[in-house]
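Me: Could you take me through some of the packing and internal space in this model? I would like each answer to end on the value or name that I ask for.

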Amino acid sequence: MVKVHGRCNLACRYCYLYEGPDRTWRDRPAAASPAVLDRTAGRIAEHATAHGLRSVALVLHGGEPLLAGPGRLAALADAVRARVPAGCAVHTTVQTNATLLTDAGITTLARHGIRVGISLDGGLAAHNTLRTDHAGRPSWPAASRGARLLADHHPDTYAGILTVVDPRTDPLEMYESLLALRPPALDLLLPHGNWSSPPPGLPGPTDTAMGPGSGRATPYGDWLCAVFDRWWPAPGRETRIRLFEECVALLLGLPAATESLGLDPVNAVVVETDGSIEQVDSLKSAYDGAAATGLDVFRHTFDDALRHPGIAARQAGAGALAAACRACPLLTVCGGGHYAHRYRADNGFANPSVYCADLERLVRHVAARLAEATAGDPP
C-alpha cells in the first residue's frame, strides 16, 4: 500500500486517520516525492524477486490519491511492472472517494491497468452527510457522479465500493442503495473502534464484558445478518461481498484472507509519503504512532519489515491471540477479529475484538444458513 498523496480533499468528521489519536501525518510531506516512489518501486521488485512471487497487490492510497493526478499514479504502476521479474503480475488498485474522478482520468488509469475502488458511506445523499469537504460542503454530488461514471462508462475498471457499517442506518436500504451504483464487489467494514475507544452503539471502556458468550449487545452483527439474509438467497449474484464470501469459505474449511476474519497472517505493508515503512493504517486508530516501525524504503527492505516485532506478531496466528479466543470454537473462522479492534490501553492487543459478540452473531448466523442450504446434499 503506497501513500501517493497524504492529504485529503474531504474532512469526514469520523475519519480515524485525520481525526483520530495518531498525529504522525502532520509531519510528513503532502505528497510522495519522485525519489520515494522510485525507491518504493525498486523495493517491491526486490521483494518479488527474492521470494519468487507470482503476483503483487499494489494499492495506491492516501489521503486522496487522485490529488497526485492520474499521470503520477500511472507512472508508479508502470515502474513497478517494469521492474518485477517476468511472470509476476502486478494487480493495481487506487482507493478514492470518487469526487475527483473524470472520464479522462479513468481512461488514463484503465490504460495503465489500474482499477478503481470507491469509499462511500452508502448510496444516497442522506448516508453521506458526514463526508464533507474542508468548507463543510457535501461531497455526495461529486462522489455519486464519479461512481456512476465508472459504472456507466468504465465497468471493467470498477473494482467496487468500500463502506463502513453504521448500525444506525437501515441495512436493507443501505445495501440496495449501493447496488444501484452497480459495484462488482462490496467491502463492508466495521468501524475502527477498540476497548478504550469503543465504536458507536457499544458499551464504554468501563464495561468489562469481553470474549465469547459475554452477552453484549450485537448491533453490528444484527446489521450484517440482515444484509446477509438479503444477499444470500438472491436468485443471481448481485455483487460480491468479501466479508460474507470469506466467512462461508472459512466455515467450509477453505482458505480465505482478510484482516477481519480467519487466521491467515497479515500480508500488507504501507509506504508513507516520506518513504517510511509502516504497519497498516488501521492501527492508527489505537494510539499515536501505533503503526510506526522506524524503517524506510531508503535504508530497509520489506524483509526487514517482516522481522519487525509488530508485524511478526501478526504472523503468529492463534498463538498471538487472547486465551478466550484460543478456547473459542469459532477460532478458525473468526480468528480473533481485526487486530486493531483488540486494543485496550492497559494491556495492548492481547484481547478479543471489541466486536467479539457481533462476530459471533454473524458467524453463527452464516453457519446456520449454510447448514440449511446443504441439508439435502449427499454425504
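Me: Which residues in α12 are met by P219, Y220, G221, D222, L224, C225, F228 and D229 in α6?

Reply: This is a predicted model, in which local features need pLDDT of at least 70 and side-chain atom pairs count only at pLDDT 80 or more, while totals for chains, interfaces and linings use all residues. Residues are numbered from 1 along each chain as its sequence is written, and side-chain values use heavy atoms, with hydrogens and water left out. With contact taken as heavy atoms within 4.5 Å, and helices as DSSP runs (H or I, at least four residues) numbered from the N terminus, the partners in α12 are D358, R361, L362, H365, V366 and R369.

Me: How many residues of the contact of α6 with α12 are charged?

Reply: Asp, Glu, Lys and Arg count as charged; Ala, Val, Leu, Ile, Met, Phe, Trp, Tyr, Cys and Pro as nonpolar; and the others, Gly among them, as polar. Alongside 7 nonpolar and 2 polar residues, the contact of α6 with α12 has a charged group that numbers 5.

Me: At what angle do α6 and α12 pack?

Reply: Axes are lines fitted to C-alpha atoms over the stretch in contact, and angles run from 0 to 180 degrees between N-to-C directions. Helix α6 (residues 219–231) and helix α12 (residues 356–373) have axes 7 Å apart and an angle of about 25°. The two are therefore roughly parallel (under 35 degrees), so the value asked for is about 25°.

Me: Are α7 and α12 roughly parallel or roughly perpendicular to each other?

Reply: Helix α7 (residues 242–251) and α12 have axes 10 Å apart and pack at an angle of about 70°. The crossing is right-handed (the near helix turned clockwise from the far one by less than a right angle). Because the angle falls in the range of 65 to 115 degrees, α7 and α12 are roughly perpendicular.

Me: How many residues in the contact of α7 with α12 are nonpolar?

Reply: L243, F244, C247, V248 and L251 in α7 meet L362, V363, V366, A367 and L370 in α12. This contact has no polar and no charged residues, and its nonpolar residues number 10.

Me: How much space lies in the second largest cavity?

Reply: A cavity is a set of points on a 1 Å grid where a 1.4 Å probe fits but cannot get out, and a search of the whole structure finds 3 of 30 Å³ or more. The lining of the second largest includes K3, R7, W25 and E272. Its space is about 70 Å³.

Terms used: Parallel < 35°, antiparallel > 145°, perpendicular 65-115°, else oblique. 1 Å grid on protein atoms, 1.4 Å probe; cavity = no way out; pocket = protein on both sides within 12 Å on 5 of 7 lines; lining within 4 Å. Points joined across faces, edges and corners; volume = space filled by probe spheres on them.
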